[in-house]
Amino acid sequence: MTQSFDIVVVGGGHAGCEASLAAARLGARVCLATLRSDTIGALSCNPAMGGVGKGQLVREIDALGGAMGQVTDVTAIQYRTLNTSKGEAVQSLRAQVDKTQYARAMQQRVRATERLSVLEGAVEDLLVRDGRVAGIVLADGSEVSARAVILTNGTFLRGLMHTGEERTEGGRVGEGAIAGLSGALTRLGFESGRLKTGTPPRLSKASIDFSQLEVQPGDDEPDGFSHFTPPPRREWIHCHVTRTDAAIHDLIRDNIARSPMYSGDIEGVGPRYCPSIEDKVVRFPERTGHTVHLEPEGVDTDSMYINGVSTSLPADVQEGVIRGLPGCANAKFLKYGYAVEYDFFPPHQIRVTFETRNLPGLYLAGQICGTSGYEEAAAQGFLAGVNAARALSGDEPFVLSRDQAYLGVLADDLVRCDPREPYRMFTSRAEYRLLLRHDNADLRLMEVGESLGLVDHASADRLRAKRATIESTLETLRGRFVDGAPLIKILKRPGADISDLYPIAPDLDLAELPVEVLRQVAISARYEHYITRQQNQIDKLRRMEEWRLPESFTYESISGLRNEAREKLSRFQPETLAQAGRIAGVTPADVSILMVALRASFDAERLAAGGSRS
Amino acid sequence: MHDDNEPIAALATPHGPGGVAVIRASGRDVLSKLAAVIDGDVELRARIATPVRIRFADGAPAIDARALAYSAGASYTSEESVELFLPSSPPVLRSLLEQLRRAGIRAAEPGEFTRRAFLSGRIDLTRAEAVVQVIAAEDLESARAARRVLDGDLAREIERLGDSIHNLIALLEAGLDFSEQEVEPPAAAWLLTQARDILAHLDRLCRNPVSAHRSTARVRVVLWGRANAGKSTCFNALLGRDSAITSPQAGTTRDPVGAELVRDGWPTVELLDLPGAHDAADRSEKAAIALAAKDLEDADLILYLVDASRSVASITREWGSLPDGIKARAWLVLSKADLTAARPSLDGVGAPPTQLALSATTPGGRQELEMALASHLTRGRWDARGAAYLFTDRQRSKLTEARAALREVADDLSRRDASAEPVQPELLSIDLRDVHGSLEEITGALSTEETLDKIFSQFCLGK
């Protein structure tokens, strides 16, 4: 007898976890299909969450009711706030986590979630009925029927690992690859591509001489990621820093031909922002050293992650490189670094809901869409899970805008990008980043989470009370004048701190207000001018966002368009005029012509419908 | 806000002398407004060409025309419309449009008829595309004029400035997004140097820009002077053909003759040969002079021709008698220079800005005028010596916007530099983006909803 679910989520990584948790909590009966249930929630690469741009994603997922922030907070072993010397708008939180504990905590959540069950097995094919996805087929031939399927296969689709000349099939060390699913998708008409990513060696902590290394401490009293739990307080660990030198670079150069990247064995394109050590040496020959961070993979593990030396060089060269690093002369390898190549499906094939365009009910999320990073994957999984569940219950699609969240930027970027390298979030991708700060994710999104049904009303009520206090305090500061200037003006001065106001206006009892309220008041005051400007731009653009491009729109027939624009528009099928304008290769003139054609077709429709003209 | 059905009119046929011209007018009550310029009480019936006589308030002779009316819902624009068919004489047409304006029918903006047709739902998607295509094809002239400025040096210049700003933005962004990799945003002092460099470049770009409309619109050059001063000979020489009849007999040119002068790198020149002034005898000649006054008023450049063989005193007197408004835009061209032995010294004529000798009939005799025209008409194109471009008002205002925004950035950087206050890269980046945005709008790389208005404004007038 065939098992039957509302939704099958394939893959138990960060995308798969958020997708299945969100969908199950929204009422869908969900099956999480994974190769091995003990790797659910695993951190395949670095033992860290967050970072610049990515920390914002984690906070947003949390505010909306996702899991990543809370799981990070219970398993973090160090926090660092990045960009502290710069403004609040670009600050981000980054946490070192205990990998084993993280996966365990995530697995507990999965087990504890109603309507969510786990199925072990390799998904090799999709069931399709009446033009819709109808379920999955496992390697043993058994079938699981479902009304929606979310693929979050990460690097496992035809995954191929490289260490020097050695090649192993698989998406992660010690685990296999999925062979059939790529072919199934291709047969269904999906276009695929090949990408590459890499990971550095893992060393034994006991074999490292820490006395030779620089200590990198974290924050003493971090806020943590989650809006729903108190700031984490525990004993924090340190990370350590070392550096490559000219001799190491020479060794790499001498063996460069043995790196599969350079020998031509790897076809996939790797990320420029996270290059392998051989890439760094080749591309920046003038640099005589690169920083290397030694990060513990957990509290109780001997494994150290060597951040900065991602490599696919042969084992003997890796040993030479590592042992040349100060503090690592006697380092013992637990795992060698490797590069992994995998299939992905360019994301122009999905909508902003992450549902594929040509197979209703099928969703793609995470690295399968050509992205990189746990946080990016989790964000997509969350959006896909919510949308799949909502679609099954007939609810409106859940789409966040670019001015609302990094999640919105991510989705909007993906549907019109052709990744030549894995897509990663940066703050510079968010044109409204002064509004999308990591400190105000709750103010922006918690009520959205509440309306989805993923955030409880009590939390949202607390958020509303906080917002009211912030606004009333700002109002007070605007209205209270000292020496002819409103108090808020004092806060705008460079280097001003809210505590400067305590002696000036003691009766306001500002010091009694919660810290997070004071922080928001100070930031709002400091950025007020720029925030107003960004708000104006948003209002201007919003009109373009409202121009929806019908799916049936045939760009081939619009003769005023330039060929390049026509191709790009046909490929990316933008959903709104604003989206069309953001596609590289589409000029303002093309947008204008689209606007004309759109207006004319609306008018024609109106006439055909016999409606009156305005 | 535009009144959607406000009556508008425009010439629907090409500029210049020719057989028949069509002036199209459209809008609310356009027929009753038109009655104000029509002799007698003529009833204009839809779809019937009715003979009408058009009166001119400025005393110009009445002109016979045919009026073809369309009722609302049955015209191109779906509005009440009328087409006037009349002889294609530029001064007459201009006069008529002016008359219509006084009667409450304003000049249409470029593409306004087509825009109304769209907005009324009158033309469907395929027609809309066809129009876009036709416009693209038929508007080559202005497209060329625009491209000369935009695809050429100015665009490159602005793109280069945009790139410099973009580079600064990129460095700032890198300092924000890659701080984990030990990339720091540049220091205030260095940024200040860069900003000042770009600012100096912008200043140079803005220096003495020539008046706005010339870069994209046509330039009207009018040949004027006394009868038999050699205007038509000059006209033909410039065009390299014989379209005006010339003879030594004064008053050979009785109607204004116009032609387009197309030269590589020049804006399109509408060259107009006017009937000679001053010693006109009969009435129709006088009327022509009245019409010439209008042409002179519209001229961007007047080539005032005098016979070089005349005495310096009489040339000086004649030049001195010209209205100041004309002299300001006129060059004194000494024609028939081949017939005089020496070039007269004209230092005493009250210093016209440009004096040129012209010998239209000998090779090389035209060179002086040709070169002066070339330098005048292409003035404003960028060159290394720091001359300015021709700017449209829109380009001007965007450039000024960019400059003002960048100046604020530089001021802020200089303050920070002096007080050793750190740069705020996340804010500086926004400010620089605004500067970049203004520059992008000049070359058209930035899109807003107002682009709808813009694309329509690129349509040929009256299309």
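1. Let's start with burial in chain A: buried residues make up 52% of its 614 residues. Here a residue is buried if 20 or more other C-beta atoms, placed from the backbone, lie within 10 Å of its own, exposed if 12 or fewer, and partly exposed in between. Please keep in mind that this is a predicted model, where local features need pLDDT of at least 70, side-chain atom pairs count only at pLDDT 80 or more, and totals for chains, interfaces and linings use all residues. Residues are numbered from 1 along each chain as its sequence is written, while chains are lettered from A and ligands numbered from 1 in the order in which they are written.

2. Next, the overall form. The C-alpha trace of chain A spans about 75 × 70 × 50 Å along its principal axes. Its radius of gyration is 26 Å, which agrees with the value near 25 Å for a compact globule of 614 residues (taken over C-alpha atoms; the globule rule is 2.2 Å times the number of residues to the power 0.38). Chain A holds 19 helices and 22 strands (DSSP runs numbered from the N terminus: helices are H or I with at least four residues, strands E with at least two).

3. Now to the interior. The largest nonpolar core has 169 residues, of which A:I7, A:V8, A:V149 and A:I150 touch the most other members (such a core is a set of buried Ala, Val, Leu, Ile, Met, Phe, Trp, Tyr and Cys residues joined through C-beta atoms within 7 Å). Helix α10 (residues 374-392) of chain A gives the most to this core, with 11 residues. Apart from it lies another core, of 39 residues, including B:V257 and B:L332.

4. Helix α6 (residues 246-254) of chain A is a nice one to look at. A:I248, A:H249 and A:I252 are buried there; they fall within an arc of 100° seen down the axis, so they line one face of the helix (the arc is that of the directions from the helix axis to the C-beta atoms). These buried residues pack against α8 (277-283) and α9 (315-323) of chain A. On the other side, A:A246, A:A247, A:D250 and A:D254 are exposed.

5. Finally, a sheet in chain A: four strands form an open, antiparallel sheet in the order β11-β10-β19-β12 (two strands pair if DSSP finds at least two bridges between them). Its edge strands are β11 (166-169) and β12 (193-199), each pairing on one side only. Four bridges join β10 (residues 160-163) of chain A to β11(A), and A:T163 stands opposite A:E166 in β11(A).

How values were computed
Two residues are in contact if their C-beta atoms, placed from the backbone, lie within 7 Å.
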